[in-house]
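Work through the following exercises with the coordinates open, and try each task before reading its solution.

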Amino acid sequence: MILIKNGRVIDPKTRLDEVTDIVIENDKIVTIGKQDENAEYEQVIDASGCIVAPGLIDVHVHFRDPGFTYKEDIQTGSLAAAAGGFTTVVCMANTKPVIDNVDTLRELLERAKTLPIKMLQASAVSKGLKGEELVDFQAMKDAGAIGFTDDGIPMMNVSKLKQAMELAKECNMPISLHEEDPSFIDAPGVNKGEISAKLGYGGASHLAEDVMVARDVMIALETGASVDIQHISSGYSVDLVRFARERGADVVAEASPHHFSLNEEAVLKHGTLARMNPPLRTEWDRQKIIEGLKDDTITIIATDHAPHSAEEKAKSLGQAPSGIIGLETSLALGVTNLVKAGHLTMMQLLEKMTFNPAKLYHLEQGSIEAGKPADLVIFNADEQFTVDKFYSKSSNSPFVGENLYGKIKYTICDGKVVFEN
């Protein structure tokens, strides 16, 4: 048994927020409440001055396995997740081969059983991510997929998208959408505006996102499907999601830490380390994302953890791949830029990183309750640290050198300490 004592236990599901103790036995939480410290435990963790929360859940990561393991693999990805306080992640399907068939899915999930955290896998929506032939939704669900996404590539065929939403609804599973219409992208990764003009770089207009979100939230309203708008970046798209949710659409939106922490000017400072799809947009857009987080239009924070090699990111702005790693800085960016800045309470931040992601994917984890999985993170919200090293195989982050609040002390998954700092 493990005793975690004197921590400020925050559980968004039950709204618990008090200094108390937790007892773990095997892989389950058995007791929440003050304990006899003289009883015998295999391990005692003194969490005084720290927050004890459900293990973080990230519904949008790329572990690049199979096919691109020079960037990341499931082992290094899971270590990065544990270091960031995550006990559950959902991997995207844009690997090589694509996760669009039962055999590839089962092989990957079998390897995931050896990992220190829970690695779940989304299926592609379409074969080869081509947006033409849909995968066998029921077969992929039966084989262990927990959702569907062609992340990285937008679904341009509207009739296929509507059919995919209907199939996902039949399976009672979410479908997650990457919203960028290529018609409004002159060059990807940088917002089309003052900064792109200054750089002489074409850029990607907010229209690329807005027209897709407008289309898809209305199809979601019609079909009743559970739809996740991934890495929302445009302020107008935040308004569109709010409009659909107010009318009863089962639509959620993810905000990535980089989109609520940075704006397009970061490209001038960080170059390709600030190139991402969708791009960092204006300060107005950033503030609209924060507004959406505050009023629960945006209910999930997800990293879009996207590792790339140093050689790839060293290329020119037009040739480097888009994306940054995010697992090891996500909680700290939320603490620093949302909680310390007065936008969200700690309960609200943790709800968007634990209970709400669990609810989207119908997971039993994501709360602190007796009988539930012993998946926990212990962190000091008032302790600063400098971002300087990563457990990820890659280090493509614009936050290197930043001083952030929210140092992870322990990550516990299924009753085992998988990270200790």
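The exercises below concern a predicted model, and each task is followed by a stepwise solution.

**Exercise 1. The start, cover and end of a helix**

Determine which residue caps the N-terminal end of H1, which residues of H1 are buried, what covers them, and what follows the helix.

Solution. Begin at the N-terminal end, where Asp 73 acts as the cap, with a side-chain oxygen placed 2.9 Å from the backbone nitrogen of Gln 75. Next, go through the helix residue by residue with the cut-off for burial, under 20% relative accessible area, in mind; eight of the 10 residues of H1 turn out to be buried, and the helix is mostly covered. The buried residues are Ile 74, Thr 76, Gly 77, Ser 78, Ala 80, Ala 81, Ala 82 and Ala 83. Then look for what lies over them: the cover includes strands S7, S8 (118-121), S15 (403-413) and S16 (416-420) together with helix H2. Finally, move past the end of H1 to Gly 85, whose phi is positive, near 90 degrees.

**Exercise 2. Two helices that cross**

Find how the axes of H4 and H6 are arranged, and which residues make the contact between these helices.

Solution. The axes of H4 (residues 158-170) and H6 come within 10 Å, and their crossing angle is roughly 45 degrees. Since angles from 65 to 115 degrees count as roughly perpendicular and those under 35 degrees as roughly parallel, H4 and H6 are therefore oblique to each other. The handedness of the crossing of H4 and H6 is right-handed. On the H4 side the contact is made by Val 158, Leu 161, Lys 162, Met 165, Glu 166 and Lys 169, and on the H6 side by Arg 215, Asp 216, Ile 219, Ala 220, Glu 222 and Thr 223. Sorted by character, the residues of this contact comprise five nonpolar, one polar and six charged. To place one further residue on H6, note that Ala 214 belongs to this helix (residues 207-223) and is partly exposed, with a relative accessible area of 27%.

**Exercise 3. Unusual backbone geometry**

Locate the cis peptide bonds from Lys 96 and from Asn 277, and then describe the surroundings of Arg 64 and Asp 296, where phi is positive.

Solution. As background, most residues other than glycine have a negative phi, and most peptide bonds are trans. The peptide bond from Lys 96 to Pro 97 is cis, with omega near 5 degrees, and Pro 97 sits in the loop between strand S7 (86-91) and helix H2 (102-112). Another cis bond links Asn 277 to Pro 278, with omega about -10 degrees; here the proline is in the loop between H9 (266-270) and H10 (283-294). Turning to phi, Arg 64 has a value near 60 degrees, and its position is in the loop between strand S6 (56-61) and helix H1 (74-83). Asp 296 has a phi of about 65 degrees and is located in the loop between H10 and strand S13 (300-301). Their accessibilities can then be set out in turn: Arg 64 is buried at 11% relative accessible area, whereas Asp 296, at 34%, counts as partly exposed.

**Exercise 4. Buried polar and charged side chains**

For Ser 234, Glu 264 and Glu 312, establish whether each is buried or exposed, and identify what their side chains reach.

Solution. Take Ser 234 to begin with: this serine lies in the loop between strand S11 (227-229) and helix H7 (235-246), and at 0% relative accessibility counts as buried. The side chain of Ser 234 reaches the backbone nitrogen of Tyr 236 at 3.2 Å, and, apart from neighbours within four places in sequence, Ser 234 is in contact with His 206, Glu 209, Asp 210, Arg 281 and Asp 285. Glu 264, in the loop between H8 (257-261) and H9, is buried at 9%, and its side chain makes a polar contact of 2.9 Å with the side chain of Asn 191. Beyond four places in sequence, the contacts of Glu 264 include Arg 281. Lastly, Glu 312 belongs to helix H11 (residues 310-313) and is buried, with 13% relative accessible area; a polar contact of 2.5 Å joins its side chain to that of Tyr 70.

Technical notes
Residues numbered from 1 in each chain as written. Predicted model: local features only at pLDDT ≥ 70, side-chain atom pairs only at ≥ 80, totals over all residues. Heavy atoms only, no water. Helix = DSSP H or I, 4+ residues; strand = E, 2+ residues; numbered from the N terminus. Buried < 20%, exposed > 50% of the residue type's maximum accessible area, 1.4 Å probe, protein only. Polar contact = N/O pair within 3.5 Å; in protein donor to acceptor, adjacent residues only side chain to side chain. Axes fitted to C-alpha atoms, helices over the stretch in contact; angles between N-to-C directions. Parallel < 35°, antiparallel > 145°, perpendicular 65-115°, else oblique. Left-handed = near helix turned anticlockwise from the far one by under 90°. Contact = heavy atoms within 4.5 Å. Nonpolar A, V, L, I, M, F, W, Y, C, P; charged D, E, K, R; others polar.
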